[in-house]
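This report looks at aromatic ring pairs in a protein model and at how confident the predictor is in the chain. Please keep the sequence and the structure in view while reading.

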Amino acid sequence: MADHAPAAAATAAAKTGVGAAFILKKALISALVALVLFSLMIGVRTEAGPEGQLIYWTRFPELAGMVAAVFVGSIVVELLRQWWGPVDTPRLMPEGARKTLAVAGRAVAPVLLIFTILVPVIFYDQRYILDLGILVLTYVMLGWGLNIVVGLAGLLDLGYVAFYAVGAYSYALLATNFGLSFWICLPLAGILAGFWGVLLGFPVLRLRGDYLAIVTLAFGEIIRLVIINWQSLTGGPNGVSGIPRPTFFGIPLVPGENGLAAFLGIPFSPSHRLVFLFYIILALALLTNWATIRLRRLPIGRAWEALREDEVACRALGINTTTTKLTAFATGAMFGGFAGAFFATRQGFISPESFTFQESALVLAIVVLGGMGSQLGVALAALALIGGFELFRGLDQFRMLVFGLSMVLLMVWRPRGLIGHRAPTVYLQHNQAISSDLVKEGHG
């Protein structure tokens with residue numbers, strides 16, 4: 001045994017040396033590619049002059065900074081991939097540090113939940129923070145709803161914004177035309193969106209992969225075009241205005257004797273409505289999370305997971321794939337309808353411009369970047385994506401470049417998302433690790 005120790009140490013040292021050379025070579029190649037790509041994007045800026053001539057100026061310091069950032073970032077990415085890489089590669093992170101990170105990872109969800117609950121208390125007088133928190137929670141709920149279709153059932157849906165729009169317009173039209181309250185229209189909006197989810201599910205029962213994505217994309221565009229052209233019902237491009245706000249058990253949050261503040265005997269503040277909306281969307285998001293976790297443990301949830309892994313094997317096991325697909329589309333659409341109804345009551349005005357393909361792409365990016373099937377990963381990705389837009393707002397023209405570069409680096413480092421979760425919910429006897437030779441990422 002003693003003879004094997006020096007040989008193992010020498011082998012590990014050799015692997016480390018080769019790994020360092022590989023990392024440096026890859027970083028240099030990445031920097032060279034960045035230099036070529038960014039030379040015209042950043043290094044040279046052109047504009048049309050007042051007389052139509054071409055005016056240009058150079059920005060070589062910014063170009064050098066971007067290339068250096070790519071070089072350093074490539075080294076950091078490769079080091080991180082070695083830390084969490086295959087089991088047969090040398091770990092550069094100490095064992096104690098990895099255990100600390102594991103404990104911190106388990107504490108992320110409860111800490112994040114407690115902080116979210118306390119956000120209206122901490123930032124009561126900061127309207128910007130409250131509005132941003134409401135927006136983030138809305139996309140968290142949308143991400144969890146789409147996660148049922150994409151992450152659990154493995155059905156690529158590029159038209160999820162259609163159910164978002166159905167929920168929003170259902171509430172807006174019912175509330176403005178029939179005078180129904182938000183709490184009555186909320187379940188109706190979810191039911192109507194789920195019904196449209198079933199209608200979408202029937203035509204795509206025999207489709208998969210790219211074909212399924214194209215059909216769902218077309219469905220989203222059909223819904224948007226119907227909203228634009230059916231002016232007698234939806235108002236067309238003008239949208240629907242005057243959408244009622246939610247009430248607290250029938251008591252509106254308005255100034256005056258009939259308002260909630262007067263009823264409670266406290267001074268009125270415009271922040272009351274924002275705090276109320278914040279807790280409404282938080283409750284809806286937690287309801288979506290709880291329902292998803294419960295459904296995963298039921299037979300239908302296990303059928304979704306089987307369908308995601310292999311549809312042919314799923315059929316061979318006797319699972320009704322028709323019912324499985326329809327329930328996935330209907331359930332995800334229902335939660336999208338809930339989010340749409342909240343969006344309508346929060347804005348007070350909706351129009352077709354709020355339900356474009358860009359919204360579907362953003363929600364899908366949240367699910368993929370967070371980790372398909374991971375509830376915590378979707379929440380973290382929504383916080384990063386929506387908050388990231390605000391964080392990079394001061395960068396002006398570099399905003400989307402930095403934001404896109406960060407997403408590319410994330411997908412290189414974690415191809416399954418921030419928290420990849422593809423493990424089955426139920427095991428035959430016990431959880432058994434898979435050999436690293438059988439999986440692409442090198443660990444089971």
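In this predicted model, F355 counts as buried, because its relative accessibility of 3% lies under the 20% cut-off. Y164 is likewise buried, with a relative accessible area of 5%.

These two residues belong to the aromatic pairs of the chain, whose count comes to 13. The rings of Y164 and F355 have planes at 75°, and because an angle over 60 degrees counts as edge-to-face, the pair is placed in that class. The pair joins distant parts of the chain, since Y164 sits in helix α5 (residues 161-178), while F355 is found in the loop between β4 (349-350) and α14 (357-370), 191 residues apart.

A second pair, Y171 with F182, is also edge-to-face. Y171 lies in helix α5 and F182 in helix α6 (residues 182-201), so this pair ties together parts that are eleven residues apart in sequence. Both Y171 and F182 are buried.

| Ring pair | Distance between centres | Angle between planes |
|---|---|---|
| Y164 and F355 | 5.5 Å | 75° |
| Y171 and F182 | 5.5 Å | 85° |

Elsewhere, ring pairs link Y160, F163, F195, W196 and F219 into a cluster.

As for confidence, the protein chain averages a pLDDT of 80, and 82% of the residues score at least 70. Over residues 86-91, however, the pLDDT is below 50, although the model gives this stretch 14 contacts beyond near neighbours in sequence. Residues 439-444 also stay under 50, and for them the model has twelve contacts beyond four places in sequence.

How values were computed:
Residues numbered from 1 in each chain as written. Predicted model: local features only at pLDDT ≥ 70, side-chain atom pairs only at ≥ 80, totals over all residues. Heavy atoms only, no water. pLDDT = per-residue confidence, 0-100. Contact = heavy atoms within 4.5 Å. Phe/Tyr/Trp six-rings, centres within 6.5 Å; stacked < 30°, edge-to-face > 60°. Helix = DSSP H or I, 4+ residues; strand = E, 2+ residues; numbered from the N terminus. Buried < 20%, exposed > 50% of the residue type's maximum accessible area, 1.4 Å probe, protein only.
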